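The following exchange asks how the descriptive terms used for a protein model are justified. Each answer sets a value against its definition and then concludes.

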Amino acid sequence: MLRYIEPHAHMVSRTTDDYEKLALAGCAAVCEPAFWAGFDRSSAQGFYDYFRQITEYEPRRAARFGIRHYCWLCINPKEAEDPGLARDVIALIPEFLQRNNVLGIGEIGLNKNSRNELRILEEHIQLAVEHDQLILVHTPHLEDKMKGTRLILDALKNHSSIDPGRVIIDHVEEHTIRMVMDEGFWAGMTLYPESKCSPHRAIDMLEVHGCERIWMNSACDWGVSDPLAVPRTMLEMRRRGYDDGWIRKVTLENPARFMGQSPRFKLDGLD
Amino acid sequence: MGAKLSHLPPESRVSLVDLGFMDARFKLTEVAAFLDRVQRHGQDDDFRVERLKGALALLQSGQSGRARAVLEHFSDPTTEPIERAPIQGALGAWPGPPAARQG
């Protein structure tokens, strides 16, 4: 069985059974960006507890199944329309950045492409630069994705200290992948049942745009989603004639290469 | 002939038609049935249905890049941030500028 990395999963929303399923499918590490809980939190204290959960509790839950757990910190764009709350949360983040499983700032980005969301995105970018952190970016949903991806790219390019090789822009689809890769950023493809991208479309994008600076993830969360979407796509790659070397590159080596830019990311058995 | 691809797996002899035709046939029939359903119930003037019908025309292109064209067809083409987020979710299709929506 091939080992792989799940580079984007919201495990706080999943049952312990899901950790077992991931382990049985060959998952070696799971990475959890901070996100929206399905409802708006009423204070920064709620985020403080959430950051404790993904830096203290989830790593222990994953370790029971031999899976390494890493995370990213931020206030997500859906809750960034209130700049006061967002700034209170951003002020909490430095305290957590030295924890053993924190890889960087994410998933920051835009949701409805509003001015407040954009301001908070820029403040997160500045925070990442000041603390020399990797960045994981969420791009908006559905009709808002194309415009939002352009605005995000502009915000990143406008910052003189951003190295595109240290930023992954997630949830790309056929209409946004080229603009992300052409600017030198990493791209993430999200395998979601009703939106974003299917296994076959993800493999199509690999064929058209190449296998460098790209990963795939399930982004499984509290909604309709599939924590085994990556191994299902690995199976589809096999059915389409890809050998283990190609599959391993996209699902293990690439995420390890990107996240390995953080000194905290360690994975046993990587050649 | 499709576009020249430089990233295909080596020595691939898999029939992609065998692998994908039934799934594509199933999904296309679902779209047809959806259009029949909303028409039967008098809901086919919804802007999302109109966008969907417009996207179907793009499938007739002989050029590759149909998936990209469909996604762009549903997208907000504007470039400036909006003042405030009116909702947190997304509808799946851009409804047009606010003035057009009121009109």
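Q: How do you know what share of the contacts in chain A between residues at least 6 apart in sequence join residues at least 24 apart?
A: Two residues are in contact if their C-beta atoms, placed from the backbone, lie within 7 Å. Among the contacts in chain A between residues at least 6 apart in sequence, 73% join residues at least 24 apart. This is a predicted model, in which local features need pLDDT of at least 70 and side-chain atom pairs count only at pLDDT 80 or more, while totals for chains, interfaces and linings use all residues. Residues are numbered from 1 along each chain as its sequence is written, and chains are lettered from A and ligands numbered from 1 in the order in which they are written.

Q: What makes the radius of gyration of chain A agree or disagree with that of a compact globule?
A: The radius is taken over C-alpha atoms, and the globule rule is 2.2 Å times the number of residues to the power 0.38. For 271 residues the rule gives a value near 18 Å; chain A has 17 Å, and therefore the two agree. The C-alpha atoms of chain A fill a box of roughly 50 × 40 × 35 Å along the principal axes.

Q: Why is A:Cys27 called buried or exposed?
A: A residue is buried if 20 or more other C-beta atoms, placed from the backbone, lie within 10 Å of its own, exposed if 12 or fewer, and partly exposed in between. A:Cys27 has 25 other C-beta atoms within 10 Å and is therefore buried. A:Cys27 belongs to strand β2 of chain A. Beyond its neighbours within four places in sequence, A:Cys27 is in contact with A:Tyr4, A:Glu6, A:Leu22 and A:Ile67. In chain A, buried residues make up 54% of the 271 residues.

Q: Why is B:Ala33 called buried or exposed?
A: B:Ala33 has 10 C-beta neighbours inside 10 Å, so it counts as exposed. B:Ala33 lies in helix α1 (residues 16–40) of chain B.

Q: What makes the strands of chain A a sheet, and in which order do they run?
A: Helices (H or I, at least four residues) and strands (E, at least two) are DSSP runs, numbered from the N terminus; two strands pair if DSSP finds at least two bridges between them. Chain A has nine helices and eight strands. The eight strands form an open sheet with parallel pairing, in the order β1-β2-β3-β4-β5-β6-β7-β8. Its edge strands are β1 (4–6) and β8 (214–217) of chain A, each of which pairs on one side only.

Q: How do you know that strand β3 of chain A pairs with β4(A), and with β2(A)?
A: Strand β3 (residues 68–73) and strand β4 (residues 102–109) of chain A share three bridges in the parallel sense, with A:Trp72 opposite A:Gly104. Strand β2 (residues 27–33) of chain A pairs with β3(A) over five bridges, also parallel, and A:Ala29 has A:Arg68 as its bridge partner. Five of the six residues of β3(A) are buried, so β3(A) is largely enclosed by the rest of the structure.

Q: What makes the phi of A:His171 and the phi of A:Arg213 worth reporting?
A: Most residues other than glycine have a negative phi, and most peptide bonds are trans. A:His171 is not a glycine, yet its phi is near 65 degrees; A:Arg213, also not a glycine, has a positive phi of about 55 degrees. A:His171 lies in the loop between β6 (167–169) and α6 (177–182) of chain A and is buried, because 26 other C-beta atoms lie within 10 Å. A:Arg213 lies in the loop between α7 and β8 of chain A and counts as partly exposed, because it has 18 C-beta neighbours inside 10 Å.

Q: Which kind of peptide bond joins A:Gly106 and A:Glu107?
A: The bond is cis, with omega at about -5 degrees. A:Glu107 is found in strand β4 of chain A.

Q: How many residues of chain A are in contact with chain B?
A: The count is 34 residues of chain A, which are in contact with 29 residues of chain B.
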